[in-house]
Amino acid sequence: MPKRLNLPDSASVATPDGEGRLFAPSAARNAEAIVTLVRDILRDTTGEALEIASGTGQHITALAAALPTLHWQPSDIDQDRRKSIDAHAKSSGLPNIAPAIALDATSPGWGVEQSGKTFICLANLLHLISAQEARILISEAAEALAPGGRLMIYGPFMRDDELTSEGDAAFHASLTTQDPEIGYKSDFDVIEWGLSSWLDYEDMVEMPANNLALLWRKAG
Ligand SMILES: C[S@@+](CC[C@H](N)C(=O)[O-])C[C@H]1O[C@@H](n2cnc3c(N)ncnc32)[C@H](O)[C@@H]1O
């Protein structure tokens, strides 16, 4: 089992509801802002959307409800999270969510298997993996996108190598104390990793709670 599953408790808090669904307060807090942004970008786009590291499944059920013209594929490395995702999808009654698949986004090769995606999104994982793993993740996502497809990565970032709030500095320190290879990535580095995977950089959107959403598009 990859060591990155050994996340700090503060990084991935979720409580069960007795029906297999996990609920993360952080996912509930940021779902609306993420859905609003994705709906603005994609509107009536059709095709296949992949969420990497879907976690509890709260985000993908909200996204699938708001963007019914897309067919949504959730994924996560962790079996308990995948059970929760499927339980959320079932109780939502939505017809456009596939069963969650096991996907280690830091493992080379998954991009070809997941090819043809119109949209790929990821929330709140980059700070929990190493820079090398993040580069693999972005390059595999670039491979998986269809021509014209978009990649969105959401989460906490350094701005130009600077931590910009006390809360972010404390969280970053708690991560690097556990593992010096993980922690916040700098916005410019992550943008560059997308560019070096032949993605066109589109936008950086300031999100609530000092988070960012970074957006790229694959030429086509
Ligand atoms: C902090 S949670 C974020 C979940 C969700 N995206 C959100 O924002 O609420 C991190 C998630 O990443 C998953 N994860 C950790 N390492 C992973 C990897 N290498 N590939 C895919 N998922 C991974 C964990 O199982 C967990 O569900």
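Here are four short exercises, each with a worked solution, on a predicted model.

**Exercise 1. Helix α2 and its two helical partners**

Describe how α2 packs against α1 and against α3, and find which residues make each contact.

*Solution.* Let's begin with the geometry. Two packed helices are described by the angle between their axes and the distance between the axes.

Step 1: Take α1 (residues 25-42) with α2. Their axes lie 9 Å apart, at an angle of about 35°, and α1 passes α2 in a right-handed crossing.

Step 2: List the residues that meet. From α1 come Ala 27, Ala 28, Ala 31, Ile 34, Val 35, Val 38 and Arg 39, and from α2 come Gln 58, His 59, Ala 62, Leu 63 and Ala 66. Sorted by class, this contact holds nine nonpolar, two polar and one charged residues.

Step 3: Turn to α2 (residues 58-66) with α3 (residues 79-92). Here the axes come within 8 Å and cross at roughly 30°; α2 passes α3 in a right-handed crossing. On the α2 side you will find Gln 58, Ile 60, Thr 61 and Ala 65, and on the α3 side Ile 85, His 88, Ala 89 and Ser 92. The classes in the contact of α2 with α3 are four nonpolar, four polar and no charged.

Step 4: Ask what is buried in α2. The buried residues are Gln 58, His 59, Ile 60, Thr 61, Leu 63 and Ala 64. Their cover includes the helices α1 and α3, together with the strands β2 (22-23), β3 (47-52), β4 (70-73) and β7 (117-123).

**Exercise 2. Helix α5 and the core**

Work out whether α5 is largely enclosed or largely open, and how many residues it gives to the largest nonpolar core.

*Solution.* Step 1: Check the length. Helix α5 (residues 131-144) has 14 residues and spans 20 Å from first C-alpha to last, close to the 20 Å expected.

Step 2: Look at burial. Ten of the 14 residues of α5 are buried, so the helix is largely enclosed by the rest of the structure. Among them are Glu 133, Arg 135 and Glu 140, alongside Ile 136, Leu 137 and Ile 138.

Step 3: Place α5 in the core. The largest nonpolar core has 54 residues, and Ile 52, Ile 120, Leu 122, Ala 141, Leu 151, Met 152 and Ile 153 have the most contacts inside it. α5 gives the most to this core, with seven residues. In soluble globular proteins, nonpolar side chains tend to be buried together.

Step 4: Zoom in on Leu 151. Beyond four places in sequence, Leu 151 touches Ile 120, Ala 141, Leu 145, Gly 194, Leu 199 and Trp 216.

**Exercise 3. Two positive phi angles**

Locate Asp 161 and Asn 210, and decide how exposed each one is.

*Solution.* Step 1: Asp 161 is not a glycine, yet its phi is positive, about 75°. Asp 161 sits in the loop between β8 (145-156) and α6 (166-178). With 11 C-beta neighbours inside 10 Å, Asp 161 counts as exposed.

Step 2: Asn 210, also not a glycine, has a positive phi of about 65°. Asn 210 belongs to the loop between β9 (199-207) and β10 (211-218). Having 14 other C-beta atoms within 10 Å, Asn 210 is partly exposed.

**Exercise 4. A loop serine**

Is Ser 197 buried or exposed, and which residues is it in contact with?

*Solution.* Step 1: Find Ser 197 in the loop between α7 (187-195) and β9.

Step 2: Count neighbours. With 20 other C-beta atoms within 10 Å, Ser 197 is buried.

Step 3: Leaving aside neighbours within four places in sequence, Ser 197 is in contact with Ile 138, Ser 139 and Ala 142.

Key. Residues are numbered from 1 along each chain as its sequence is written. This is a predicted model: local features need pLDDT of at least 70, side-chain atom pairs count only at pLDDT 80 or more; totals for chains, interfaces and linings use all residues. Axes are lines fitted to C-alpha atoms, for helices over the stretch in contact, and angles run from 0 to 180 degrees between N-to-C directions. Helices (H or I, at least four residues) and strands (E, at least two) are DSSP runs, numbered from the N terminus. A crossing is left-handed if the near helix is turned anticlockwise from the far one by less than a right angle, and right-handed if clockwise. Two residues are in contact if their C-beta atoms, placed from the backbone, lie within 7 Å. Ala, Val, Leu, Ile, Met, Phe, Trp, Tyr, Cys and Pro count as nonpolar, Asp, Glu, Lys and Arg as charged, and the others, Gly among them, as polar. The expected span of a helix is 1.5 Å times one less than its number of residues. A residue is buried if 20 or more other C-beta atoms lie within 10 Å of its own, exposed if 12 or fewer, and partly exposed in between; C-beta atoms are placed from the backbone. A nonpolar core is a set of buried Ala, Val, Leu, Ile, Met, Phe, Trp, Tyr and Cys residues joined through C-beta atoms within 7 Å.
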